[in-house]
Amino acid sequence: GVLTLSKIELIETIILDIPTIRGHVLSMATMRIQTAVLVQIKFSDGSVGIGEGTTIGGLSYGPESPEGIRSAIDTYIAPVLHGRCGNDVNGAIQCIDKSVKGNRIAKSAVECALWDALGKRLAVPVAQLFGGSVTSEMPVAWTLASGNSDTDIAEAQKMIAMRRHNIFKLKIGKRSVREDVAHVGRIKKAIGDEGSIRVDINQAWSLADARWGLKGLQDVGCELVEQPVQARDRMAMAELTSSYEIAVMADEALNGPEDALAVATDKAADVLAVKVAQSGGLKRASEVLAIGQAAGFGLYGGTMLETGLGTAAALQLFSTIETFRWGTELFGPLLLTADILAEPIVYQDFCVKLPVGPGIAAGLDPDKVAFYRRDRERTSIV
Ligand code: MUC
Ligand code: MG
């Protein structure tokens with residue numbers, strides 16, 4: 001394709017509320033719906049790009065809420081982009097960063113729509129804009145978080161039998177450390193060598209809890225522990241990383257490349273959970289990945305439990321990376337009762353497949369979008 005002048009003319013947002021297939025019990029919240037902010041950008045040449053911003057459990061995971069993401073885009077990001085050339089994605093990122101601090105999920109949703117439209121104008125996948133994909137499928141974990149050990153075991157066994165997942169991430173940190181370690185041990189024992197077990201604490205433990213926790217977890221065969229303590233407490237993360245055999249992963253501690261560098265400097269993890277939204281977009285996530293590779297971290301492709309849209313965007317970038325030693329957790333669409341994509345992302349043989357097509361290679365199903373949108377009276381988008 002040849003680049004034509006394409007001014008940013010209209011940036012629209014809507015909020016979708018999509019029920020989850022079961023309660024998703026995390027240390028800080030129980031999710032029964034996932035809320036997604038959809039962004040659609042229209043350009044003067046008639047091209048259109050789409051993006052998505054999600055968080056987890058309202059304001060319980062991090063400082064951006066769905067409503068805040070939407071408001072940041074409508075009130076502060078859209079006006080500074082209006083009239084700019086849509087091909088100048090780097091210029092748009094600079095321009096947004098100058099007038100909006102933080103708000104990485106909002107920035108990510110908008111930036112994704114810019115990349116999507118650029119890819120479509122050039123008739124190439126977004127992965128090509130990052131140098132091209134080196135893989136077309138990636139291992140994908142499933143999160144066991146029903147709140148009940150027996151339900152989790154049945155779910156894991158079903159996933160293994162279906163050949164959909166054999167890497168399981170258990171959400172713990174809500175109950176006592178002793179109860180949680182027993183829960184993890186029961187699940188590992190039931191699954192044996194058919195699957196691997198990791199846990200995510202979502203910052204719920206004190207350093208003292210974490211010392212007992214990591215010791216207990218590695219004894220029951222858990223291979224990795226994600227963000228056991230507060231994100232800002234890199235010293236505690238560093239102590240845990242150096243004191244136990246079990247791998248320690250940073251998640252909430254990683255908000256963009258500057259944090260990746262700080263985690264590397266402080267040796268505050270073995271593994272980085274790289275999330276597009278939390279990094280501030282595909283470009284910033286690519287910078288986090290570069291730092292992670294250079295510093296010798298194990299890499300893991302994380303999720304903010306996006307729909308197929310954000311999942312497709314992450315796949316575009318992650319497919320350009322040589323090795324995610326710890327795989328990915330790009331299972332977001334599978335946790336939702338409905339897929340908003342016209343062509344759902346394919347999960348097969350324990351892997352998620354990179355969708356094929358221009359841009360992020362994700363097209364919306366307009367009926368689904370209309371059904372799940374929070375304010376059904378507005379109809380301008382899709
Ligand atoms: C997180 O903290 O990693 C990812 C999978 C899941 O179930 O929740 C998320 C968030
Ligand atoms: Mg996490």
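Q: Which residues of α9 and α11 meet in this model?
A: A helix pair can be read from the residues that each side brings to the contact. In this structure, which is a predicted model, α9 contributes Pro257, Ala260, Leu261 and Ala264, and these meet Arg284, Glu287, Val288, Ile291 and Gly292 of α11. Sorted by class, the contact of α9 with α11 holds six nonpolar residues, one polar residue and two charged ones.

Q: How are the axes of α9 and α11 set, parallel or perpendicular?
A: The crossing angle decides the matter, and angles under 35 degrees count as roughly parallel. The axes of α9 (residues 257-265) and α11 (residues 282-294) come within 8 Å and cross at roughly 15°, and the two helices are therefore roughly parallel to each other. The crossing of α9 and α11 is right-handed.

Q: At what angle do the axes of α1 and α3 cross, and what does that make of the pair?
A: Here the range to keep in mind is 65 to 115 degrees, which counts as roughly perpendicular. The axes of α1 (residues 66-81) and α3 (residues 104-122) come within 9 Å and cross at roughly 65°, so α1 and α3 are roughly perpendicular to each other. Their crossing is right-handed, with Ile69, Ala72, Ile73 and Ile77 of α1 in contact with Ile105, Ala106, Ala109 and Val110 of α3. The class count for the contact of α1 with α3 is eight nonpolar, no polar and no charged residues.

Q: How do α1 and α2 cross, and which residues make their contact?
A: An angle that falls in none of the parallel, antiparallel or perpendicular ranges is called oblique. For α1 and α2 (residues 89-99), the axes come within 10 Å and cross at roughly 135°, and the helices are therefore oblique to each other. The crossing of α1 and α2 is right-handed, and the contact is formed by Tyr76, Ile77, Val80 and Leu81 from α1 together with Ala92, Cys95, Ile96 and Ser99 from α2. By class, the contact of α1 with α2 comprises seven nonpolar residues, one polar residue and no charged residue.

Q: Which residues does UniProt list for "active site", and why can they be said to gather at one spot?
A: Such an annotation is read by setting separation in sequence against separation in space. The unreviewed UniProt entry lists Lys171 and Glu329 under "active site". They span 159 residues in sequence, yet no two of their C-alpha atoms are more than 13.0 Å apart, so they gather at one spot. Lysine 171 lies in strand β6, which covers residues 167-171.

Q: Which residues are around ligand 1, and how do they divide by class?
A: A ligand shell is read first as a list and then by class. Around ligand 1 are Ile56, Thr143, Ala145, Asp200, Asn202, Asp251, Gly302, Thr303, Leu305 and Glu329. This shell divides into three nonpolar, four polar and three charged residues.

Q: Where does UniProt place the C-terminal domain, and how much of that stretch is helix?
A: A domain record gives a residue range, for which the secondary structure can then be described. The unreviewed UniProt entry places "domain: Mandelate racemase/muconate lactonizing enzyme C-terminal" at residues 150-247. Over residues 150-247 the chain is 51% helix and 14% strand, with the end C-alpha atoms 26 Å apart.

Conventions:
Residues are numbered from 1 along each chain as its sequence is written. Chains are lettered from A and ligands numbered from 1 in the order in which they are written. This is a predicted model: local features need pLDDT of at least 70, side-chain atom pairs count only at pLDDT 80 or more; totals for chains, interfaces and linings use all residues. UniProt positions are given in the numbering used here, feature names are shortened, and annotations may be inferred rather than shown by experiment. Helices (H or I, at least four residues) and strands (E, at least two) are DSSP runs, numbered from the N terminus. Axes are lines fitted to C-alpha atoms, for helices over the stretch in contact, and angles run from 0 to 180 degrees between N-to-C directions. Angles under 35 degrees count as roughly parallel, over 145 as roughly antiparallel, 65 to 115 as roughly perpendicular and the rest as oblique. A crossing is left-handed if the near helix is turned anticlockwise from the far one by less than a right angle, and right-handed if clockwise. Two residues are in contact if their C-beta atoms, placed from the backbone, lie within 7 Å. Ala, Val, Leu, Ile, Met, Phe, Trp, Tyr, Cys and Pro count as nonpolar, Asp, Glu, Lys and Arg as charged, and the others, Gly among them, as polar. A residue is near a molecule or strand if its C-beta atom, placed from the backbone, lies within 6 Å of it.
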